[in-house]
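This report describes the architecture of one protein model and the surroundings of its ligand. It then turns to two helices and two buried positions.

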Amino acid sequence: MAGLSDIEWTDATWNPISGCRILSPGCTNCYAMRMAARLQAMGHAAYADTTRKSGGRWVWTGTLHLNEEALSVPLGWRAPRRIFVNSMSDLFQDGVPDAFVRRVWDVMQEAHWHVFQVLTKRPENMARVVAGLPCLPNVWLGTSVENRDYTVRISTLRKIPAAVRFVSFEPLLGPVGKVNLRGIHWAIVGGESGPRARLVREEWIGEIQTQCAASGTAFFFKQWGGRNKKAAGRSLRGQNMGRDADALGLARRTMLEFTGIRMLPLPWRLRRTCLESAPSVSLTGTAGVSPANYSSDKGRRDAGGPGWLEAALKSVPRVRSRGGSRL
Ligand code: SF4
């Protein structure tokens, strides 16, 4: 399954693998598990035997498919997109051969005009596998945290070299308490949605928002969730957090927004150095970008400093184009 997505923080999904296993409470009502059951019932080969009925609900069987034919899909998308990698699975689950992850990396490297958002609940596996792979400027690495019992995943993620590190606090199932967000560039927060949705409390969201503000981490409130997530909306403390109102406008502002203005993916032609555990990110002009656009003041930000990425992105010029993408 690959294509345009309604998920507020991405543009498209790409699933080179399918099938997964439940790992922690955030998986209990996994949307992908329900969707995989539907696709399996429709005879979609990539989802064959991935789910079975148990206690009146569909659950993963543990069957995993490596979808060779899906590997090249992003290369066929000429317009730059933010792409959520394996929205229906977890690339770093046990059983995915390192060699296959390497092939996913090869595609992401070749499709340099896209931003790839790789999210896992298994950052320890991600750390091990990624250690043998190049750190790509267009690949963002993230982990999911549902409550305070899983904040250790953030510590693991922080040590992984990446252009952008993000944490998805969704579904948020409890307070996370005090968290160290140093080196974390972006946080997504959302309540659970779907027929068995568990409630989220405003104070849990608020404590994350406050800590994001203190650490300079961009905050994106995705949804309240619930059985009818559209009705629940996305207003937080009286502020409408619509699709285009996320704290940075992150990649949307930089990669694509086809409402008459076609932006060239200039930020991703910048070279970002990927540093180890105490991250700072340097942005250096390369071909097609005048280094004059990036004074040392604008172009070099400490990743832990407030608003560094937002400031860097604001400094990137927008370019109007009537023709197709040059990519
Ligand atoms: S890791 Fe993700 S895809 Fe896998 S069961 Fe958990 S929520 Fe679902």
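In this predicted model, the ligand is surrounded by Cys-20, Ile-22, Leu-23, Gly-26, Cys-27, Cys-30, Ala-32, Met-33, Ser-89, Asp-90 and Lys-121. Seven residues of this shell are nonpolar, two are polar and two are charged.

**Overall architecture and cores**

The protein chain contains nine helices and 17 strands. Of its 327 residues, 43% are buried. Among contacts between residues at least 6 apart in sequence, 65% join residues at least 24 apart.

The largest nonpolar core has 57 residues, of which Trp-140, Phe-169, Ala-187, Val-189 and Phe-220 touch the most other members. A second, separate core of nine residues includes Ala-32, Met-33, Ala-36 and Ala-46. Two of these names, Ala-32 and Met-33, also appear in the shell around the ligand.

Trp-140 itself is in contact with Val-115, Phe-116, Gln-117, Val-118, Ala-162, Ala-163, Val-164 and Phe-166, leaving aside its neighbours within four places in sequence.

**Helices α2 and α5**

The table sets out the lengths of two helices.

| Helix | Residues | Number of residues | Expected span | Distance between end C-alpha atoms |
|---|---|---|---|---|
| α2 | 98–110 | 13 | 18 Å | 18 Å |
| α5 | 202–215 | 14 | 20 Å | 20 Å |

In α2, the end-to-end distance agrees with the span expected at 1.5 Å a residue. The buried residues of α2 are Val-101, Val-104, Trp-105 and Met-108. Because they cover an arc of only 100° around the axis, they lie on the same side of α2. An α-helix has 3.6 residues a turn, so residues three or four places apart point the same way. The buried residues of α2 pack against β8, α3 (123–130) and β9 (139–144), whereas the face turned away from the buried side carries the exposed residues Ala-99 and Glu-110.

For α5, the expected and computed lengths likewise agree. Trp-204, Ile-205, Ile-208, Gln-209 and Cys-212 are buried in this helix. Seen down the axis of α5, its buried residues fall within an arc of 130°, so they line one face of the helix. They pack against β10 (164–169), β11 (186–190), β12 (218–223) and β13 (235–236). On the other side of α5, Glu-202, Glu-203, Thr-210, Ala-213 and Ala-214 are exposed. Gly-216, with a positive phi near 75°, follows α5.

**Thr-120 and Phe-92**

Thr-120 belongs to strand β8 (residues 115–120), one of the elements against which the buried residues of α2 pack. Thr-120 counts as buried because 26 other C-beta atoms lie within 10 Å, the threshold being 20 or more. Not counting residues up to four places away in sequence, Thr-120 touches Asp-90, Leu-91, Phe-92, Met-126 and Thr-143. Asp-90 is also among the residues that surround the ligand. Thr-120 and Val-85 are 35 residues apart in sequence, and their C-alpha atoms are 9.7 Å apart in space.

Phe-92 lies in the loop between β7 (82–85) and α2. This residue also counts as buried, because it has 23 C-beta neighbours inside 10 Å. Although Phe-92 and Thr-120 are 28 residues apart along the chain, 6.5 Å separates their C-alpha atoms. Besides Thr-120, Phe-92 touches Arg-122, Asn-125, Met-126 and Val-129, again not counting residues up to four places away in sequence. Met-126 is thus touched by Phe-92 and by Thr-120.

Key
Residues numbered from 1 in each chain as written. Predicted model: local features only at pLDDT ≥ 70, side-chain atom pairs only at ≥ 80, totals over all residues. Core = buried A, V, L, I, M, F, W, Y, C linked by C-beta atoms within 7 Å. Buried ≥ 20, exposed ≤ 12 C-beta atoms within 10 Å, placed from the backbone. Contact = placed C-beta atoms within 7 Å. Near = placed C-beta within 6 Å. Nonpolar A, V, L, I, M, F, W, Y, C, P; charged D, E, K, R; others polar. Helix = DSSP H or I, 4+ residues; strand = E, 2+ residues; numbered from the N terminus. Expected span 1.5 Å × (residues − 1). Arc of directions from axis to C-beta.
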